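Me: Got a minute to walk through this one with me? I'd like to start with a helix.

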Amino acid sequence: MTASSSEQIMLSVEHVSKAYSPPKYMRMKRFFARFGGLQLDELDDDDDDDEIVKEEEPDPTTEIGGPRRVVSEVSLESSGGAHIAIVGPPEAGKTVLLKMIGGIVRPTNGRVVVRGRVAPALAVLSDALPSGKFETSFARGLPYIAALVGIPPNLVRHRLDEIADLVGVRNLAQSVPARFDRRQRAEIILAMMLCVDPDVFLTDVPIGQDAFGERCRHRIEGLLRAGCLVLTEARGKQSLVPPPDRVIRLDGGRIVADERVVAHPARDVLDQEERAAGRGEGVGRELPAQADVPADGERASVEDDESRTGSDEGAAVVGDALGSSVEVRNQESHSAVEHGPPGFMGAVQERERRVTRVDGRRVHPPTGRNGPDLSQRSHSRRAMAGLWGREASWVHGAQGGSVPDLEALFREHWPRAHRAAFLVVQDAAAAEDIAQKAFLAAIRALDRFDRRRPFGPWLHRIVVNRAIDWARARALRAEVGGEALAERPAPELVVDAYSEPVAAALAALAPEHRAVIVLGHLLEYTPGEIADMLELPRGTVNSRLRRGLDRLREELPEDEDDD
Amino acid sequence: MADVAPPLSRGEGRVAKKVAVHSPRRPFSVRLGSFRCQLCVAGQMGRAYLRKYYFGSYLGLLWLPFAPILDLFLGALVFGGFLGVSPGGDRPYIVFLVVGSIPWHFFERTTHWGWRSLQYSRRLFRVVPVPWLPAIIGAAIPGAVQAGMYSVIAFFICLYYKITQGTFYVSFGPQTVYALVGLVLLMFYAWTIGMILGPLVNMMRDIRLTVRYMLRFIYLVTPVLYSVQTLPEKYQPIAVYNPLTAPIEFVRYALLQMSFPATSSILASLAGLVVLTPVALLFLTRLEHASHAQL
């Protein structure tokens with residue numbers, strides 16, 4: 001790195017704010033909807049030759065509010081060769097700030113001055129990759145994404161092999177984006193942005209502990225040495241390697257801490273971020289005891305054991321919170337920065353100690369069962385486009401750490417989740433365990449939950465998938481379902497539609513058939529919704545439903561044929 | 001696979017070059033960004049429109065030649081055969097029709113995808129608030145492909161007449177450049193209509209339902225199926241002052257050596273563009289700005 005590049009100001013963010021307004025034309029649209037006697041959701045039905053594209057609209061019953069300020073008066077300046085980590089709780093404005101620096105989003109006030117080529121490796125760009133029915137290959141898709149953010153497409157075309165090497169996918173150029181999940185697409189975009197010789201590199205894509213993550217870190221270190229300014233949105237220690245020179249903490253769209261990391265860095269900030277990612281800040285007060293929640297905390301401890309294999313310490317806290325005990329954690333972030341005990345380097349060193357070497361290669365400790373945290377909080381239109389009534393507000397509150405909202409969500413969804421789990425596994429204790437773990441997993445991942453969608457299907461998906469896994473595992477262990485049935489469920493679990501003979505007949509079905517029948521007939525999901533939940537083709541769901549019902553009919557006594 | 005070496009080679013030359021300023025109001029040139037980038041985006045979108053239009057059909061892209069063949073066959077049968085419309089001169093009606101169809105269908109397809117483009121790309125715009133203009137510019141690709149299909153058909157029809165009657169009917173020379181002028185004028189008209197209707201269609205479906213009838217009306221008052229000279233005199237001003245007449249006549253003049261468009265027709269066409277294009281750009285920019293500031 002030259003002296004001039006390191007001293008030159010590469011990035012200057014000057015009193016930048018970003019506010020979003022509700023769509024104005026919605027009022028007009030509603031007027032026409034009333035005028036024409038149509039429902040709002042009818043307005044976007046497409047005609048015969050069109051792809052069905054439903055516009056994601058706010059709930060018409062929700063009052064349209066005023067502008068929402070997501071980033072407020074943020075100023076920062078940096079020269080090249082530095083690594084700045086932007087941390088903060090969900091909806092702190094981290095991604096929007098990065099988008100503004102990357103020129104993807106225009107600020108409402110203030111200005112951003114960037115010298116040189118900016119490479120915004122933001123996960124949101126993975127949604128812009130052409131995919132779906134009119135899919136195209138990465139050879140066309142990546143230059144297109146680059147062009148969208150102002151990077152010469154030819155540069156990407158010439159470096160496709162380099163990107164493929166970095167990603168570790170052979171024939172990446174010929175591969176189709178639709179065959180990769182969102183996380184993989186985001187990683188490919190990260191790789192692409194690392195290969196375009198950026199002067200300012202931004203990313204909110206979590207860098208994992210695998211070989212790809214290792215290569216990315218290697219690249220980033222190279223960029224830093226070459227005088228590139230690197231800004232990362234960090235959600236935990238693991239995504240902050242190489243270690244940052246500076247940690248900026250955002251909260252409520254404002255900078256609440258800006259610490260240069262020398263020898264006494266801010267580990268506690270990062271610890272706090274990790275916990276916040278898992279449970280939402282402020283989930284510290286005690287949850288009121290509930291009839292449906294096991295009070296002994298025993299089942300939560302099972303989850304703890306699993307989650308502690310990785311970095312999801314937050315889950316343990318949530319587990320405790322749902323069980324009985326809780327710890328109060330309402331520290332101000334800047335105080336954490338000032339008084340954080342071992343420092344960030346300590347955290348890095350601690351992690352390094354856990355890294356073993358096999359044949360000279362670094363092997364990292366396993367991450368949590370759910371892999372790296374992929375949570376993407378965004379204030380983009382897409383993410384904020386719908387607040388679906390009560391449940392959405394609970395989810396919103398729970399994401400922000402509100403215990404009453406978390407409790408409300410639990411009360412609302414626990415009985416059906418528990419019942420669904422029982423009907424699939426046919427074992428009361430296991431069902432309780434599965435439903436509980438699923439709920440904990442859902443809460444742990446709540447910050448990546450899309451509030452526009454209902455919470456129930458998401459939870460049921462986790463419950464039913466876990467229940468199927470459990471049932472399959474039991475079958476492999478050659479346990480007998482009938483014996484397990486000897487342990488009767490709690491009376492409230494057997495609803496009218498699923499009387500004892502029906503439950504017994506369900507037990508005779510394969511777990512896959514059981515799951516679709518429970519989802520379709522107990523939880524009343526449509527085959528399309530079940531297909532989405534279980535990631536199956538719709539035809540498979542229909543055939544499983546049909547076969548399952550036929551089998552049920554065979555198993556049931558004549559007078560219960562209708563079930 | 002070997003690890004990729006980090007890029008360390010830039011060293012001394014790495015002093016930052018270009019300065020980008022992102023502020024609430026960016027100048028038009030900055031918003032457009034680099035021409036090459038926007039061209040790439042427009043090209044990608046244009047290809048997507050093409051794929052989308054024929055996606056799911058049994059014949060797929062075979063519709064590209066079939067649709068014009070059917071269109072020309074029906075047009076020639078009804079107007080040239082049953083109604084006996086005279087194209088003027090000794091050329092067959094089908095030659096007259098196919099040459100007039102080249103610019104019209106270029107305009108029609110470009111307009112169609114121009115006003116559909118923002119709706120089609122709204123997922124992208126919701127995710128990445130990029131400029132809308134490339135999506136509309138990309139609409140010229142399906143238009144150009146359609147015009148290319150009609151051109152190929154025109155070539156084969158003329159070849160048929162060359163073999164059977166000894167006359168090719170279409171000739172090329174210095175005047176051929178007027179065909180390009182006509183096509184460029186039509187392209188700008190199509191983009192202008194796309195810039196105005198694109199955002200409106202997103203707001204109100206009614207506009208989308210109306211625009212088809214509007215285009216049908218324009219088709220009927222534009223001399224595609226007939227020539228201006230064959231119209232009754234009292235209706236001729238409608239065709240002459242139609243801003244799309246001159247571009248179509250330019251193409252016919254360039255390829256069939258028909259009469260040069262009337263001066264009033266050319267002026268009407270240019271005046272329409274001069275007035276409409278800035279208004280459309282302003283309209284698009286304002287709505288784009290408002291949209292990017294919305295949830």
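Me: Is α7(A) mostly covered or mostly open?
Reply: Mostly covered: 10 of the 13 residues of α7(A) are buried. Keep in mind that this is a predicted model.

Me: Which residues of α7(A) are the buried ones?
Reply: They include Arg185(A) and Glu187(A), along with Ile188(A), Ile189(A), Leu190(A) and Met192(A).

Me: And what do the buried residues of α7(A) pack against?
Reply: In chain A they pack against two strands, β5 (118-121) and β6 (200-203), and against helices α4 (138-148), α5 (153-158), α6 (160-167) and α8 (211-225).

Me: How far does α7 of chain A reach, end to end?
Reply: Helix α7 covers residues 182-194 and reaches 18 Å from first C-alpha to last, close to the 18 Å expected at 1.5 Å a residue.

Me: Switching to sheets. What's the strand order in the open one with 4 strands?
Reply: The order runs β2(A)-β1(A)-β4(A)-β1(B), with antiparallel pairing.

Me: Why do β2 of chain A and β1 of chain B each have one side without a neighbour in the sheet?
Reply: Those two stand at the edges with a single partner strand each, so one side of each stays free of a sheet neighbour. The twist averages 15° from one strand to the next.

Me: Which helix packs on that sheet?
Reply: Helix α3 (residues 94-101) of chain A does, touching β1, β2 and β4 of chain A plus β1 of chain B. The direction of α3 makes about 125° with that of β1(A).

Me: How many bridges pair β1 of chain A with β2(A)?
Reply: They pair over 8 bridges, in the antiparallel sense, and Tyr20(A) sits opposite Arg68(A) in β2(A).

Definitions and conventions: Residues numbered from 1 in each chain as written. Chains lettered and ligands numbered in written order. Predicted model: local features only at pLDDT ≥ 70, side-chain atom pairs only at ≥ 80, totals over all residues. Heavy atoms only, no water. Expected span 1.5 Å × (residues − 1). Buried < 20%, exposed > 50% of the residue type's maximum accessible area, 1.4 Å probe, protein only. Contact = heavy atoms within 4.5 Å. Pairing = 2+ DSSP bridges. Axes fitted to C-alpha atoms, helices over the stretch in contact; angles between N-to-C directions.
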